[in-house]
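These are my notebook entries on one structure. I set down what I looked up, entry by entry.

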Amino acid sequence: MGITPPRPLQQGDDLTAFDCGQSSLNKWLQNHAWRNQQTGASRTNVVCDNASGQIVGYVSLSSGSIERGAMKRGLRHGKPEIIPVTLLGQLAVDENFVGQNLGESLLYFALKTAFNMSKHVGTLGVMTHPLNENARQFYLRYGFEEIPGDQRGALLLRIKDIEASGF
Ligand SMILES: CC(C)(COP(=O)(O)OP(=O)(O)OC[C@H]1O[C@@H](n2cnc3c(N)ncnc32)[C@H](O)[C@@H]1OP(=O)(O)O)[C@@H](O)C(=O)NCCC(=O)NCCS
């Protein structure tokens, strides 16, 4: 019983049974996650059901950037024109496993990973583009903030704030 801790996606993982109710996130896992894992374009970590071994949640991270002009006025000062960020590309939990804190655990794993990485590689924070209003509300709970000039509605949680919350 129970759920495994996050681990990197592996060759041979069954990607077909996962269903989070958002076809784009299901398809991304099936069609892109493993190729990206091989090329290094993104890194996906999964949590699995101990009993069946099936993937029940996943999160993917990569490097990204945001133009300084898109940031809130107060955050632009002293920053380069193109600001490095850690991109949380996808985070999803299988519909049969929602409401069991897996989404929160995967998010904490992503924030911890970004925070550790920030000690060695420059990144202003973790940026994500929520798929819809539901996903947006999920991230806002954890302190993500709007990037006002971003056309795709990006949200950002600064490393500074991750650190302040005790990571
Ligand atoms: C959004 C999603 C990741 C949440 O996963 P989950 O495992 O059900 O979430 P958790 O059980 O960890 O919830 C943690 C907390 O967030 C709250 N929460 C969950 N979904 C929420 C939402 N959409 N909006 C606001 N709060 C939400 C929970 O009530 C819980 O709060 P509580 O501890 O006070 O009860 C999941 O529903 C999902 O994968 N949805 C489809 C894919 C998607 O939209 N992904 C978003 C990224 S693009």
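In which loop does asparagine 101 lie? I worked from a predicted model, and I found asparagine 101 in the loop between strand 4 (82–93) and helix 4 (102–118).

**Entry: asparagine 101**

I looked up the backbone of asparagine 101 and noted a positive phi of about 70 degrees, although the residue is not a glycine. I then asked whether asparagine 101 is buried or exposed. Asparagine 101 counts as exposed because its relative accessible area, 52%, is over the 50% cut-off.

**Entry: helix 4**

I turned next to helix 4, which has 17 residues. From its first C-alpha to its last, helix 4 reaches 24 Å, close to the 24 Å expected at 1.5 Å a residue. I listed the buried residues of helix 4 as Leu102, Gly103, Leu106, Leu107, Ala110, Leu111, Ala114 and Phe115.

**Entry: leucine 102**

Leucine 102 is found in helix 4. I recorded leucine 102 as buried because its relative accessibility of 9% is under the 20% limit. Which residues does leucine 102 contact, leaving aside neighbours within four places in sequence? I found Ile3, Val56, Val93 and Phe97. I also checked leucine 102 against threonine 4: the two are 98 residues apart along the chain, and their C-alpha atoms are separated by 10 Å.

**Entry: the ligand**

Which residues come nearest to the ligand? Of the 20 residues around the ligand, I noted Val93, Asn101, Gly103, Glu104 and Asn134 as the nearest. I then looked up polar contacts to oxygen atoms of the ligand. A polar backbone atom of valine 93 is 2.8 Å from a ligand oxygen, and a polar backbone atom of glutamate 104 is also 2.8 Å from a ligand oxygen. For arginine 141, an N or O atom of the side chain is 2.9 Å from an oxygen atom of the ligand. On its own the ligand has 910 Å² of accessible area, and the protein covers 75% of that area.

**Entry: the nonpolar cores**

In soluble globular proteins, nonpolar side chains tend to be buried together. I therefore looked for nonpolar cores in this model, in keeping with that tendency. The largest has 23 residues, and Leu88, Leu107 and Phe144 have the most contacts inside it. Strand 3 (55–67), strand 4, helix 4, strand 7 (155–158) and helix 6 (159–164) each supply at least two residues of this core. Which element gives the largest share of this core? I found that helix 4 does, with seven residues.

I followed leucine 88 further and, leaving aside neighbours within four places in sequence, found contacts with Val59, Ser60, Leu61, Leu107, Ala110, Val126, Met127, Thr128 and Tyr139. I also noted a second, separate core of 13 residues, which includes Leu15, Phe18, Trp28 and Ala92.

**Entry: phenylalanine 18**

Phenylalanine 18 lies in the loop between strand 1 (7–8) and helix 1 (23–31). I counted phenylalanine 18 as buried because its relative accessibility is 3%, under the 20% limit. Not counting residues up to four places away in sequence, phenylalanine 18 touches nine positions I could list, among them Asn26, Leu29, Ile55, Ala92 and Val93.

**Entry: threonine 44**

I placed threonine 44 in strand 2 (residues 43–48). Is threonine 44 buried or exposed? Threonine 44 counts as buried, at 0% relative accessibility. Its contacts beyond four places in sequence include Arg7, Trp28, Tyr58 and Ser60.

Note on methods: Residues numbered from 1 in each chain as written. Predicted model: local features only at pLDDT ≥ 70, side-chain atom pairs only at ≥ 80, totals over all residues. Heavy atoms only, no water. Helix = DSSP H or I, 4+ residues; strand = E, 2+ residues; numbered from the N terminus. Buried < 20%, exposed > 50% of the residue type's maximum accessible area, 1.4 Å probe, protein only. Expected span 1.5 Å × (residues − 1). Contact = heavy atoms within 4.5 Å. Near = heavy atom within 4 Å. Polar contact = N/O pair within 3.5 Å; in protein donor to acceptor, adjacent residues only side chain to side chain. Areas by Shrake-Rupley, 256 points an atom, 1.4 Å probe, with all protein chains shown as cover. Core = buried A, V, L, I, M, F, W, Y, C linked by side-chain atoms within 4.5 Å.
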